[in-house]
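Let's take a walk through this protein together, starting with the overall layout and then stopping at a few side chains. Have the structure open and turn it as you read.

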Amino acid sequence: MKKSTKEEFEERLARIVEQGADLTADEWMKAIEFEYGRVPLIFKRMGERPEVLISHLLYKGTVAQTSPLDPKYVELISLAVGAALKCPHCTGYHMQAAIKMGASREEILEVILLAGMISNSSVLANAYRIIDEKLERCIPCETKGVEREAEAAGRKKRTVRTRKN
């Protein structure tokens, strides 16, 4: 009978307690280097405090291992998020991981394209909301003669009426 993810997690915790944080962190760092060819800098720095590294990797690993998504798609999503956040290290690391999980060049390029599209939309949506919320009561704008939408629309109506008369 296959163990549940909860049972696997509890066994993992028991092993950490049994062998200690230092040995566990060292073991996990070696496994990461073996699997991906290198250890990301953030893991190296976290490794200086093994309890931080272990907590982070337990969380990360548990989320990935209990995901109903195929591991390849977990890595492709992670790649897209890394790209959207403009993190070259995350993007590169998760690209390598996605390739190891079977992602094609076309899939990698597609998620980067999608990440860029959503990132661009996010920039625009955020900026336009700020403008809509702040421009109506922007005193520096008023003193510099920035025309408000309502004033421009009102003048346009007056101009149209004037032409008809």
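What follows goes from the whole chain down to single residues. Keep in mind that this is a predicted model.

Start with the big picture. The protein has 9 helices and 0 strands, so if you trace the elements from the N terminus you read α-α-α-α-α-α-α-α-α. Of the 165 residues, 21% are buried. Now look at how the chain meets itself: among contacts with a separation of 6 or more, 53% are between residues 24 or more positions apart. On the outside, the accessible surface is about 12500 Å², and carbon and sulfur atoms account for 60% of that area.

Next, zoom in on the rings. How many aromatic pairs does the structure hold? The count is 1, and the partners are F43 and Y93. Their ring centres are 6.5 Å apart and their planes meet at 80°. Planes over 60 degrees apart count as edge-to-face, so that is the label this pair gets. Where do the two rings come from? F43 belongs to helix 3 (residues 41–47), while Y93 belongs to helix 6 (residues 88–100). The pair therefore ties together parts of the chain that are 50 residues apart in sequence. Both F43 and Y93 are buried.

Stay in helix 6, because H94 is there too. Is H94 buried or exposed? Its relative accessible area is 12%, and the cut-off for buried is under 20%, so H94 counts as buried. Setting aside neighbours within four places in sequence, H94 is in contact with E75, S78 and L79.

Follow that contact across to E75, which sits in helix 5 (residues 71–84). Here is a charged residue that is buried and yet has no salt bridge. Which side chain of opposite charge is nearest to E75? That would be K60, at 5.3 Å, whereas a salt bridge calls for a distance within 4 Å. What does E75 touch, then, beyond its neighbours within four places in sequence? Its contacts are Y36, H94, A97, A98 and M101. So H94 turns up in the contacts of E75, just as E75 turned up in those of H94.

One last stop brings a charge and a ring together. Find R12 and look for W28: the charged end of R12 sits over the ring of W28, at 4.9 Å from the ring's centre.

Notes
Residues numbered from 1 in each chain as written. Predicted model: local features only at pLDDT ≥ 70, side-chain atom pairs only at ≥ 80, totals over all residues. Heavy atoms only, no water. Helix = DSSP H or I, 4+ residues; strand = E, 2+ residues; numbered from the N terminus. Buried < 20%, exposed > 50% of the residue type's maximum accessible area, 1.4 Å probe, protein only. Contact = heavy atoms within 4.5 Å. Areas by Shrake-Rupley, 256 points an atom, 1.4 Å probe, with all protein chains shown as cover. Lys, Arg positive; Asp, Glu negative; His and termini not counted. Phe/Tyr/Trp six-rings, centres within 6.5 Å; stacked < 30°, edge-to-face > 60°. Lys NZ or Arg CZ within 6 Å of the ring centre and 35° of its normal.
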